[in-house]
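Hi,

Here is the structure I promised to pass on. Have a look at it first, and then read my notes below.

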Amino acid sequence: MAEQRQDKAALISETRRRFEAEYLPDKSDKYDSRDVERLQQDDKWVENYLIWRHDVIDDTLKMIDESFQWRKEYTVNDLTESVLPKWLFEIGALFLHGYDKEGYKLFWFRVKHHTKDPKQQLDKKKLVAFWLEHYAKRDHGKPLTVVFDMSETGISHIDLDFVRFIVNCFTDYYPNFLTKIVIFEMPWIMNAAFKIVKGWLGPEAISMLKFTNKSDVQEYINGEYLPPHMGGTDSFKYSYPPLVDDDFQTPLCENGPITSEDEHESKEEIDAETKETGELNEEHSLNQKKMNSVEQISKSEETEKTESKPKNAKKALTTFKGPLLHISPAEELYFGSKETGEKKCLIVLTNVTKNIVAFKVRTTAPEKYRVKPSNSSCEPGMSLDIIVSLHGGFAASLQDRFLIMAAEMDQPSGAGVPELTQFWKEVPRTKVMEHRLRCHVVESSKPSSLTLKENAFNTPAKTNEDLHIQLTRLLQINKRLQEQIDRCLWFQQLSVVLSLLSVTVVAFCFYLTYTQRS
């Protein structure tokens with residue numbers, strides 16, 4: 001592995017050297033200086049060019065030259081929403097949304113919204129470049145899956161020039177940026193046209209073409225990210241503005257002070273949580289005795305409420321088992337609508353490694369949510385609770401997503417705020433575990449999930465969900481106490497062994513002294 005990295009580093013260095021010597025002197029005016037600077041600084045970018053051209057430096061240099069000239073021609077570095085016509089975004093022919101089964105972002109081209117018009121062609125091509133550059137900069141070149149949704153299309157939508165431009169973007173301008181092209185319900189009349197497209201792709205890229213219909217598209221994309229006409233359950237409806245994209249950002253109040261209208265509320269929450277923890281510790285022994293009877297009550301109430309639960313309600317305490325963290329719930333956070341009023345959810349992280357694990361929580365709707373804590377660390381073998389709460393008068397949406405990022409830390413590096421900040425700047429992306437959670441809005445009856453009601457533990461009349469949450473908390477406390485007891489027992493056993501060893505050594509010394517005197 002070390003040799004491979006050294007070889008790759010040598011190829012990157014040689015590519016840069018030859019580009020400066022053979023291309024830059026004669027063509028500097030044809031390149032954007034920002035791209036040239038990035039080439040010198042971004043190893044991953046150069047590596048992607050090499051990968052896409054099979055580590056052949058001559059071919060890699062030709063691709064860099066062609067892509068740099070194209071980037072300047074299309075002013076890729078300066079493409080923003082404001083410089084493109086608003087109607088291009090409004091029609092919704094191109095956008096990023098959802099993920100395939102391998103976790104790659106989906107780049108949608110809804111062909112029925114595209115019509116061939118030479119006057120609009122340049123703007124439409126720039127829109128493609130805008131989306132690709134927007135995603136490439138944000139996710140540092142993580143590959144995409146392209147979806148050609150060709151349902152309800154006909155002859156009037158065929159535009160081979162535009163299709164060729166999209167193909168060329170991936171084959172010539174954005175290296176190592178394509179995982180597959182999923183073509184959904186291609187009309188038979190377009191078979192001849194796509195034979196031409198195959199010729200543009202080349203033999204290797206042809207294997208990336210996946211022709212699908214309603215019966216087999218879910219081999220590549222889960223139903224949760226497919227619209228109903230493709231056999232999926234995604235209720236997402238395209239609209240603009242704002243820009244449609246799962247852009248994970250820092251949520252409100254990331255481990256920092258809470259201001260304005262939330263200040264009073266947050267103080268009350270902290271006091272309530274402190275009081276709650278104290279009460280739980282005091283009542284822990286009592287609750288342990290009552291656990292069996294509470295479980296029986298819980299089960300009977302669940303049986304009574306089964307019919308009133310929504311069909312898509314998930315079972316409580318489902319767990320995603322990652323290499324660094326176990327995350328519960330595994331897939332969805334349940335929030336209430338404005339009518340039901342449930343505004344808090346609990347995420348439980350469990351460190352399954354032998355090192356400290358740093359984590360960050362990001363969301364696609366940072367203006368809506370507070371996450372406490374959203375940037376912290378978890379000790380080896382320990383569990384940690386994260387409270388996700390809606391801010392102010394906002395309501396949860398099915399399009400809201402949360403991203404949990406985690407990476408192992410070296411024990412001596414510390415886990416304070418400065419150390420965490422520096423750690424996330426330096427940690428390689430390949431060592432970061434990522435897991436996504438989506439939001440589920442409960443319109444009426446509540447599913448059995450990790451949803452926290454206001455003052456749930458202090459309410460005299462306990463609902464099934466309240467009891468379930470209390471049991472969850474008690475089980476977590478019990479687990480932590482058991483871990484502490486195990487550690488104490490281990491130290492106790494170690495102390496006994498060391499004491500016995502000391503007594504043995506002392507006795508042996510006395511024995512030696514006695515034998516020498518005699």
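**Helix packing and salt bridges**

Starting at the N-terminal end: helices α1 and α3 pack with their axes 10 Å apart, at an angle of about 95 degrees. Since anything from 65 to 115 degrees counts as roughly perpendicular, that is how α1 sits against α3. On the α1 side the contact is made by R5, K8, L11, I12, T15 and R16, which meet D43, V46, E47, L50 and I51 of α3. Keep in mind throughout that this is a predicted model.

K8 turns up again in a salt bridge, where its side chain meets that of D55 at 2.9 Å, N to O. D55 is in the loop between α3 (43-52) and α4 (57-73) while K8 belongs to helix α1 (residues 2-27), so this pair ties together parts that lie 47 residues apart in sequence. How covered are the two partners? K8 has 12% relative accessibility and counts as buried, whereas D55, at 33%, counts as partly exposed.

The loop between α3 and α4 also holds R53, which forms a salt bridge with D172. The closest N and O atoms there are 3.7 Å apart. D172 sits in helix α7 (residues 160-173), and the pair links distant parts of the chain, 119 residues apart. R53 is partly exposed, with a relative accessible area of 22%.

Further along the chain, have a look at E224 and R438: they form a salt bridge as well, with 2.6 Å between the closest N and O atoms. E224 lies in the loop between β5 (209-212) and α9 (262-305), and R438 in strand β15 (residues 433-442), so parts that are 214 residues apart in sequence are tied together by this pair. R438 is buried at 16% relative accessible area, while E224 is partly exposed at 25%. The pair also belongs to a network of salt bridges that links E224, E331, E332 and R438.

In total, the count comes to 21 salt bridges, so there are others to browse if you feel like it, since the rule takes a Lys or Arg side-chain nitrogen within 4 Å of an Asp or Glu carboxyl oxygen.

**On the surface**

One last thing to look at is a nonpolar patch on the surface, formed by W490, F491, L494, L498, L501 and V505. Together these residues have about 600 Å² of accessible area. To find the patch, go to helix α11 (residues 464-517), which is where W490 is placed.

Cheers

How values were computed. Residues are numbered from 1 along each chain as its sequence is written. This is a predicted model: local features need pLDDT of at least 70, side-chain atom pairs count only at pLDDT 80 or more; totals for chains, interfaces and linings use all residues. Side-chain values use heavy atoms; hydrogens and water are left out. Patches are made of residues with over 30% relative accessible area and no salt bridge: like charges are joined within 9 Å, nonpolar side chains (Val, Leu, Ile, Met, Phe, Trp, Tyr) within 5 Å. Accessible areas come from the Shrake-Rupley method with a 1.4 Å probe; for residues, only the protein chains shown count as cover. Helices (H or I, at least four residues) and strands (E, at least two) are DSSP runs, numbered from the N terminus. Buried means under 20% relative accessible area, exposed over 50%, partly exposed in between (1.4 Å probe, protein chains only). Axes are lines fitted to C-alpha atoms, for helices over the stretch in contact, and angles run from 0 to 180 degrees between N-to-C directions. Angles under 35 degrees count as roughly parallel, over 145 as roughly antiparallel, 65 to 115 as roughly perpendicular and the rest as oblique. Contact means heavy atoms within 4.5 Å.
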